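Please read the points below with the model open beside you, and look up each place as it is named. They begin with a single side chain and end with the chain as a whole.

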Amino acid sequence: MTDNTFSIRIRNGVARNPIYRFKNPLNIEISKTDQVAIVGPNGAGKSILANTLNGTYPLLFAEDAGFETGSGVDINSRMRYITFRDSYGSGDTTYYYQQRWNTTETEDSPVISEIFPQIEDQDFRNELFSLFSIDLLWNKKLISLSSGEMRKYQLAKALSSRPDLIIIDSPFIGLDRETRQLLTELLERLIKEWGLQIMLIVARNEDLAPFITHVIPVKDMECMGKMTLSEYLSQSSSDTLPVLSEEMKRLMHSLPQSDMESEEIVRCDKVVLQYGPRKILDNQDWTVKRGEHWSLLGPNGAGKSALLSLIYADNPQSYACSIALFGRMRGTGESIWDIKKHIGYVSPEMHRSYCRHYPAIDIVASGLYDTIGLYRKASPQDRESCLAWMKIFGIDHMADLDFYNLSSGEQRMVLLARAFVKNPSLLILDEPLHGLDAANRCLVMQIISEFCKEKQKTLIIVTHYPEELPSEVDHTLTLVRHN
């Protein structure tokens, strides 16, 4: 294969999706041997560029455009695109909030054996199934897969058609350290043994896998062109991170807040959670007192999100468990709205369920009423509070933008503002920094720390990255995976 053999070539291409246009013509040449990452901050246009390269958003004009291999085969038939929006998998409009916790009641939830593509070549099928351990997933429902299992299923499905190039959007989101390493090793094996070309889309430099050879930076809807990894790292090392201003700190502490008198915030006694033969939680005890700041840790599949779903009363099994919230036993006459009005909450499941066309400020306002979507008009006072929190998160300019059309990272910032909008007594953050670039991660971590400085505020935070934990965390509960 010669040096001028390209898998993708665009010269002076004008690319556009129905909403966004790149500011400069696209000039991209990607050799068949390049392993490329598209890198940039939230809202920069990374996914739009990827969808342009894979043909989802066609070029309006180009002096020369080719998606071809050395044999002249159209790469659009030899390319696959996978996007991971949260720890559960890629988003879709059919998903509803709490669906994951109702999985045993969802009779039409497909089983992997029912939806996996047919493969005629038995030798190739056996190799693919062995590489991804598909046999272990064969009789599982799609909705019940863990984060790592979902990655394996999605990759195996994409590779079943034997593509030359696979584009993976946010490959490591929601994965614990061990699973991230296993996924990296798997992708390296596919490159070496199958000759696969891989393109990653990431929001931060830490997610640049070791097999990446070239980077295409994207910023503010401008594509900077391909450069080597070393060239990119030398240019990006001096990036400055934001600092939460004293003005924003004063604003945080001046806004209306929820106040709960109880000294005991959460108490779980011998909690058991089981789906079919699989036990998620087994006689789990946990007590959280007012003003404590907890980290909830453990590998993928250990039950962290499941435990939080019981506490927040999103899980139908919550009323079968011995759980007290704010000093009151579950099932003694309180409504779920009584439970939730003192809690701010964000989770991957909540993010995935918000595939809807609402103004961003309405998404934030829905946190005042604990609904998925806004079903009442926010009062002027409530709207003012929403705008104040959006300003703190640096997203007040997005107030009237369509949430659905924001990037995944921008959506996460809106949902974080939604969690804080009540200035709650208990703040539950399940992987709050999913998909955020370095600047937004830095800002959100400072906001969380500032929240913890209020003496009566209680925090529960889940993360797979120890460096994301605020220094104010003073208690830790670590769960283990049972099977």
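1. Is Arg204 buried or exposed? In this predicted model, Arg204 has a relative accessibility of 8%, and since buried means under 20%, Arg204 counts as buried. Arg204 is found in the loop between strand S8 (197-202) and strand S9 (214-219).

2. What is Arg204 in contact with, once its neighbours within four places in sequence are left aside? The residues are Leu436, Arg441 and Tyr465. With Tyr465 the arrangement can be described further, as Arg204 lies over the face of that residue, at 4.9 Å from the ring centre.

3. A charge over a ring can also be seen at Arg330, whose charged end sits over the ring of Tyr319, 5.6 Å from the centre of that ring.

4. The structure holds 10 aromatic pairs, and one of them is formed by Phe116 and Phe129, which meet edge-to-face with 5.4 Å from centre to centre and 85° between the planes. Phe116 lies in the loop between helix H2 (112-115) and helix H3 (122-132), while Phe129 lies in helix H3, so the pair ties together parts that are 13 residues apart in sequence. Both Phe116 and Phe129 are buried, and ring pairs link these two residues with Trp138 and Tyr153 into a cluster.

5. Helix H5 (residues 177-194) deserves a careful look. Its 18 residues reach 25 Å from the first C-alpha to the last, which is close to the 26 Å expected at 1.5 Å a residue. The buried residues of H5 are Thr179, Arg180, Leu183, Thr184, Leu186, Leu187, Leu190 and Ile191. Seen down the axis of H5, these buried residues fall within an arc of 160°, so they line one face of the helix. On the face of H5 turned away from that buried side, you will find the exposed residues Arg177, Glu178, Lys192 and Glu193.

6. Finally, the protein as a whole contains 14 helices and 20 strands, and of its 483 residues, 56% are buried. If you take the contacts between residues at least 6 apart in sequence, 72% of them join residues at least 24 apart. The accessible surface of the protein comes to about 20,500 Å², and carbon and sulfur atoms account for 49% of it.

Technical notes
Residues are numbered from 1 along each chain as its sequence is written. This is a predicted model: local features need pLDDT of at least 70, side-chain atom pairs count only at pLDDT 80 or more; totals for chains, interfaces and linings use all residues. Side-chain values use heavy atoms; hydrogens and water are left out. Helices (H or I, at least four residues) and strands (E, at least two) are DSSP runs, numbered from the N terminus. Buried means under 20% relative accessible area, exposed over 50%, partly exposed in between (1.4 Å probe, protein chains only). Contact means heavy atoms within 4.5 Å. Accessible areas come from the Shrake-Rupley method with a 1.4 Å probe; for residues, only the protein chains shown count as cover. Rings of Phe, Tyr and Trp (its six-membered ring) pair if their centres lie within 6.5 Å; planes under 30 degrees apart count as stacked, over 60 as edge-to-face and the rest as tilted. A charge sits over a ring if NZ of Lys or CZ of Arg is within 6 Å of the ring centre and within 35 degrees of the ring normal. The expected span of a helix is 1.5 Å times one less than its number of residues. The arc is that of the directions from the helix axis to the C-beta atoms.
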